[in-house]
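Work through the exercises below with the sequence and the model open beside you, and try each task before you read its solution.

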Amino acid sequence: MNVTHPVIAPSLLSADFSKLPEELSIVDPSLDWLHCDVMDNHFVPNFTFGPIVIAAARKLTRATLDVHLMMERPWGMVDEFRKAGADVITVHLEACPQTREVLRQIRESGAKAGLSLKPGTPWHAISPYLPDLDLLLVMTVEPGFGGQAFMPDMMEKVEAAHRERAARGLDFVIEVDGGINVDTVKVARGAGADVFVAGHSVFRAPSPGAALSALREAVAR
Ligand code: DX5
Ligand code: ZN
């Protein structure tokens with residue numbers, strides 16, 4: 001899987017759920033991807049939403065639904081998320097001892113398979129799985145909450161991913177998640193990322209539509 005241009009993926013987590021149709025219609029006219037954070041209060045100390053909300057988002061946008069599963073035992077729910085409308089399903093390496101099997105299951109469901117690593121997980125732990133992936137999600141904050149500060153140290157992983165992708169002739173997409181704003185988006189782009197999740201910097205901005213445009217301009221420069 002690849003993307004032809006840098007993609008900004010607004011994160012639903014930071015939207016106002018009491019007016020989801022309006023929130024999405026503001027960013028939707030040109031929306032490429034929408035990032036959806038699923039949390040189970042086990043893998044991370046927070047709880048968000050499941051397939052019902054993904055299905056609602058599916059009705060509100062034609063964007064690629066990029067579903068980030070921050071949950072234990074995600075394999076039990078893959079087909080449910082796919083049925084709800086997920087286009088990309090990303091699981092965490094730390095939650096999947098049978099990593100290759102889960103990635104295969106995601107692909108068999110018809111979705112693209114993503115794998116993510118927490119800031120504390122070293123690069124060498126994920127490197128063997130690169131040929132099995134459509135997307136690699138490098139966390140640039142500790143997963144669990146929006147609005148945290150970007151961790152520049154994680155750029156080493158993005159650079160390693162970019163390097164190994166070229167050296168091994170692979171075609172997974174490199175995504176970063178956490179603390180992305182008009183400054184950090186350039187840092188992550190410079191390191192080699194393709195998709196940039198942005199929660200607070202889009203949906204908590206006075207004008208989410210303008211904020212999305214500003215991020216797109218910043219990453220293109
Ligand atoms: C954090 C989530 C992120 C979050 C990013 O655990 O995975 O997707 O929504 O939010 P910001 O962009 O506000 O850091
Ligand atoms: Zn996320």
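**Exercise 1: An annotated pair**

Asp37 lies in strand E2, and the model in which you will find this residue is a predicted one. Find the residues that UniProt lists under "active site", and decide where they stand with respect to the largest pocket.

*Solution.* Begin with the record: an unreviewed UniProt entry lists Asp37 and Asp177 for "active site". Next, compare sequence with space: although the two are spread over 141 residues of sequence, they cluster in space, with a largest C-alpha distance of 10.4 Å. Finally, look at the pocket: the lining of the largest pocket takes in Asp37 and Asp177 from this set.

**Exercise 2: Two sets of binding-site residues**

UniProt gives two lists under "binding site"; take each in turn and state which of its residues belong to the lining of the largest pocket.

*Solution.* One list, from an unreviewed entry, holds His35, Asp37, His68 and Asp177. These residues are spread over 143 residues of sequence, yet they cluster in space, the largest C-alpha distance being 10.4 Å. From this set, the lining of the largest pocket takes in Asp37, His68 and Asp177. As for His35, this residue is found in strand E2.

The other list, also from an unreviewed entry, holds Ser11, His68, Gly144, Phe145, Gly146, Gly147, Asp177, Gly178 and Gly179. Of these residues, the lining of the largest pocket includes Ser11, His68, Gly144, Phe145, Gly146, Gly147, Asp177, Gly178 and Gly179. To place one of them along the chain, note that Phe145 is in the loop between strand E6 (135–139) and helix H6 (155–167).

**Exercise 3: The shell around the ligand**

Describe the residues that surround ligand 1, by number, by class and by the strands that supply them.

*Solution.* Start with the location: the space taken by ligand 1 is the largest pocket. Then count the surroundings, where 20 residues are found, the closest being Asp37, Gly144, Gly147, Asp177 and Gly199. Sorted by class, the shell has eight nonpolar, 10 polar and two charged residues. Now turn to the strands: E2 (33–39), E3 (64–70) and E8 (195–198) each supply at least two residues of this shell, and E2 gives the most, with three residues.

**Exercise 4: Polar contacts of the ligand**

Which atoms of Ser11, His35 and Gly144 lie close to an oxygen atom of ligand 1, if a polar contact is taken as a pair of N or O atoms within 3.5 Å?

*Solution.* Take the side chains before the backbone. A polar side-chain atom of Ser11 lies 2.8 Å from an oxygen atom of ligand 1. In the side chain of His35, an N or O atom is 3.3 Å from an oxygen atom of the ligand. For Gly144, the partner is a polar backbone atom, at 2.7 Å from an oxygen atom of ligand 1. As a last step, consider the ligand's surface: taken alone, ligand 1 exposes 390 Å², and the protein buries 99% of that.

Conventions:
Residues are numbered from 1 along each chain as its sequence is written. Chains are lettered from A and ligands numbered from 1 in the order in which they are written. This is a predicted model: local features need pLDDT of at least 70, side-chain atom pairs count only at pLDDT 80 or more; totals for chains, interfaces and linings use all residues. Side-chain values use heavy atoms; hydrogens and water are left out. A residue is near a molecule or strand if one of its heavy atoms lies within 4 Å of it. A polar contact is a pair of N or O atoms within 3.5 Å; within protein, one must be able to donate a hydrogen and the other to accept it, and residues adjacent in sequence count only if both atoms are side-chain atoms. Accessible areas come from the Shrake-Rupley method with a 1.4 Å probe; for residues, only the protein chains shown count as cover. On a 1 Å grid over the protein atoms alone, a cavity is a set of points where a 1.4 Å probe fits but cannot get out, and a pocket is an open set with protein on both sides within 12 Å along at least five of seven lines; lining residues have an atom within 4 Å of a point. A molecule sits in a cavity or pocket if more than half of its atoms lie within 2 Å of its grid points. Helices (H or I, at least four residues) and strands (E, at least two) are DSSP runs, numbered from the N terminus. Ala, Val, Leu, Ile, Met, Phe, Trp, Tyr, Cys and Pro count as nonpolar, Asp, Glu, Lys and Arg as charged, and the others, Gly among them, as polar. UniProt positions are given in the numbering used here, feature names are shortened, and annotations may be inferred rather than shown by experiment.
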